[in-house]
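Trainee: I am new to this structure and would like a close look at a single part of it. Could you take me through that part slowly, and show me what lies around it?

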Amino acid sequence: MKTILKIIQNRLSDEPKLRYIAENWGQLELENPPLLFPCALIDLTEVNYSSNLLKSQQAQVTLTLNIANKLQNVSYNASLDAKNTAYEYYDLLEGVSKLLHGYSLSGTSPLCRTSLRKMTRQDGIKEYQLTFTLSYTDQL
């Protein structure tokens, strides 16, 4: 699992808009998150195993990325520049999705994007959660 996290973190470094990429340990839940925005927080949220043979199992991994940024003004009365800056967040989500969907780590199936979910927050942070799956054979 450590290898998967490291490879995903490295792959996300190809997205120039991201200023902070790390494993998710709850940074966004702190009063003053110790990170830079926009950020990507990576977590392996679930691994399901099924038996292949005595010494191997098939692993189905659910990988989540929380992509967050400070809220920007997108009201009708905001300036065009402010609106354009705010909507760049969606370009970031698309860029991250394109970087990861179909990407193959050594010895795994290609990553498959399975969901995008808006996270409700009340602290001035805009956050979406992208979910991907992949599978591999784990030799015991």
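Trainee: Let me start with one residue: is K98 buried or exposed, and what is its relative accessible area?

Mentor: Happy to help! Please keep in mind that this is a predicted model. K98 is exposed, with a relative accessible area of 60%. That value is over 50%, so K98 falls in the exposed class.

Now look at the partner of K98. The side chain of K98 meets that of E94 in a salt bridge, at 3.0 Å from N to O. Side chains of opposite charge can pair when their charged atoms come close. Both E94 and K98 belong to helix α2, and they sit four residues apart, which is about one turn of the helix. E94 has a relative accessibility of 43%, so E94 counts as partly exposed.

Let us stay with helix α2, which covers residues 80-100, and turn to its tyrosines. Y90 lies in this helix. The relative accessible area of Y90 is 35%, so Y90 is partly exposed. On the surface, Y90 joins V74 and Y87 in a nonpolar patch, and together these residues have about 270 Å² of accessible area.

Next to Y90 in the sequence comes Y89, and here the picture changes. Y89 counts as buried, because its relative accessibility is 4%. The structure holds four aromatic pairs. One of them is formed by Y89 and Y90, an edge-to-face pair with 5.8 Å from centre to centre and 85° between the planes. Y89 also forms an aromatic pair with Y128, and this one is tilted, with 5.8 Å centre to centre and 40° between the planes. That second pair links distant parts of the chain: Y89 is in helix α2, Y128 is in strand β5, and 39 residues separate them. Like Y89, Y128 is buried. Ring pairs tie Y87, Y89, Y90 and Y128 into a cluster, and two of its members, Y87 and Y90, also belong to the surface patch.

From Y89 we can step across to strand β3. Y89 is among the residues touched by N69, along with F37, P38, G124, I125 and K126; residues up to four places away in sequence are not counted here. N69 lies in strand β3. N69 has a relative accessible area of 16%, which means it is buried. That fits its strand, for β3 (residues 56-70) is mostly covered, with 11 of its 15 residues buried.

Strand β3 has a partner in β2 and another in β5. Strand β2 (residues 39-53) pairs with β3 in the antiparallel sense over 13 bridges. To find a place where they meet, look for A40, whose bridge partner in β3 is I67. A hairpin of two residues joins β2 to β3. Strand β5 (residues 125-139) also pairs with β3 in the antiparallel sense, over 15 bridges. Here you can look for T64, which stands opposite T131 in β5. In a regular strand the side chains alternate between the two faces of the sheet.

One more stop brings us back to charges. The model has four salt bridges, counted by the distance rule, and we have already visited the one between E94 and K98. R121 takes part in another, with D123, where the closest N and O atoms are 2.6 Å apart. The side chain of R121 also meets that of E127 in a salt bridge, at 2.8 Å from N to O. Salt bridges with shared partners join E29, R121, D123 and E127 into one network.

Compare how covered these residues are. R121 counts as buried because its relative accessibility is 18%, below the 20% cut-off. E127 is also buried, with a relative accessible area of 4%. D123, at 40% relative accessibility, counts as partly exposed. The first salt bridge we looked at pairs a partly exposed E94 with an exposed K98, whereas the R121 to E127 bridge joins a buried arginine to a buried glutamate.

Key. Residues are numbered from 1 along each chain as its sequence is written. This is a predicted model: local features need pLDDT of at least 70, side-chain atom pairs count only at pLDDT 80 or more; totals for chains, interfaces and linings use all residues. Side-chain values use heavy atoms; hydrogens and water are left out. Patches are made of residues with over 30% relative accessible area and no salt bridge: like charges are joined within 9 Å, nonpolar side chains (Val, Leu, Ile, Met, Phe, Trp, Tyr) within 5 Å. Accessible areas come from the Shrake-Rupley method with a 1.4 Å probe; for residues, only the protein chains shown count as cover. Buried means under 20% relative accessible area, exposed over 50%, partly exposed in between (1.4 Å probe, protein chains only). Two strands pair if DSSP finds at least two bridges between them. Contact means heavy atoms within 4.5 Å. Rings of Phe, Tyr and Trp (its six-membered ring) pair if their centres lie within 6.5 Å; planes under 30 degrees apart count as stacked, over 60 as edge-to-face and the rest as tilted.
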